[in-house]
Amino acid sequence: MKKTVKKSVRPFAATLSAAAVVSMVWFAASPAANAGEAEAKSILKAMSDYLVAQKSISFGYDTNFEVVTKDHQKLLLASSGRADLSRPDKIRVTRSGGFANVEMIFDGKMLTVVGKDANFYTQVDAPGTLDHLVDELRDKYHKPVPGADLLLSNVYDELMADVIDVKDLGSGVVGGTECDHLAFRAKEVDWQIWIAQGEHPYPCRYVITAKDVDQGPQYSIQIRDWKAGTEVAADDFGFKNMTNAAKIDLSKLTDIDELPKQFAVGGAQ
């Protein structure tokens, strides 16, 4: 009569975890790690140079925004949209999710934000480049644009600021595109990026992890339908009020963020 041997999952999981730790220690300590770091930086720099050289860019995107509740439940908010930009000072971005349906248009002088569901819009003077606009949204209006680092004129410098560790994790496939997978650690966040291999090294996926926040929530953006240069359809980036939307004051602008008010930081949820 055969004896039944009970197998516990916990020892297996513990062994797997220990093996993972050992392998990562080996990875960090091995001579190949330094070569991998140099290669990762080179790949990231090539992506940056490619992006900055493109005068016109168009792509669709899907985002996932994780939030953690006070009772430690992790929730995922999803949205999708499209971005079209013309360097140095024009951009049109749409974003549709469960809480907002928004379009942002910038023509180098005026920023227009349209709330499509509520059929309103607001405008503010913001003359300058895309870099200046990103800074204004973050510093003056407290509306940082997630993933905006990838749109700036100094992508590499922005991404590498405060980075303390770099890893080349080899290849990965995102949306059917073979990519180089890189991982970075900075002072406050960890981030990963998957960069398309070949002549057009555009970012296919970008993931940011808030490592000092409970449960390590992540923000990720996955890019699709990438087009650049002459592939991009012409756009004058002007606002056309085709729906007779009501103009409102900036102070009344609500429900446009990826994080809705019921998930506000420190809120009841």
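## Trp191 and its ring partners

In this predicted model, Trp191 and Tyr206 are both buried. For Trp191 the relative accessible area is 4%, below the 20% cut-off, and therefore it counts as buried. The ring centres of Trp191 and Tyr206 lie 5.9 Å apart with their planes at 80 degrees, so this pair is edge-to-face. Trp191 belongs to strand β9 (residues 189–196) and Tyr206 to strand β10, so the pair ties together parts that are 15 residues apart in sequence.

How many aromatic pairs are there? The count comes to seven. One of them joins Phe184 and Trp191: the centres are 4.1 Å apart and the planes stand at 10 degrees, so these rings are stacked. Phe184 is buried too, at 1% relative accessibility.

## A cluster and a charge over a ring

Ring pairs also link Tyr50, Phe59, Tyr202 and Trp226 into a cluster. Elsewhere, Arg205 lies over the face of Trp194, at 5.2 Å from the ring centre.

## The sheet

Now for the strands. Following the open sheet of 12 strands from one edge to the other, you meet β7-β8-β9-β10-β11-β1-β2-β3-β4-β5-β6-β12, and the pairing is mixed. Which strands stand at the edges? They are β7 and β12; each has a single partner strand, so one side of each is left without a neighbour in the sheet.

At the β7 edge, strand β7 (residues 163–174) runs antiparallel to strand β8 (residues 177–186), and nine bridges join them. Gly172 has Cys179 in β8 as its bridge partner. The two strands form a hairpin with two residues between them, and Gly175 in the turn has a positive phi of about 55 degrees. Further along, strand β10 (residues 203–210) pairs with β11 in the antiparallel sense over five bridges, and here Val207 stands opposite Ser220 in β11.

## Loops with unusual backbone angles

Three loop residues are worth a look as you turn the model. His72, in the loop between β1 (56–68) and β2, has a positive phi of about 70 degrees although it is not a glycine. In the loop between β2 (74–86) and β3 (90–97) you will find Pro88; the peptide bond from Arg87 to Pro88 is cis, with omega near 10 degrees.

Phe237 is found in the loop between β11 (218–228) and β12 (246–247). Its phi is near 55 degrees, a positive value in a residue other than glycine. Is Phe237 buried or exposed? With a relative accessible area of 5%, Phe237 is buried.

Terms used. Residues are numbered from 1 along each chain as its sequence is written. This is a predicted model: local features need pLDDT of at least 70, side-chain atom pairs count only at pLDDT 80 or more; totals for chains, interfaces and linings use all residues. Side-chain values use heavy atoms; hydrogens and water are left out. Two strands pair if DSSP finds at least two bridges between them. Helices (H or I, at least four residues) and strands (E, at least two) are DSSP runs, numbered from the N terminus. Buried means under 20% relative accessible area, exposed over 50%, partly exposed in between (1.4 Å probe, protein chains only). Rings of Phe, Tyr and Trp (its six-membered ring) pair if their centres lie within 6.5 Å; planes under 30 degrees apart count as stacked, over 60 as edge-to-face and the rest as tilted. A charge sits over a ring if NZ of Lys or CZ of Arg is within 6 Å of the ring centre and within 35 degrees of the ring normal.
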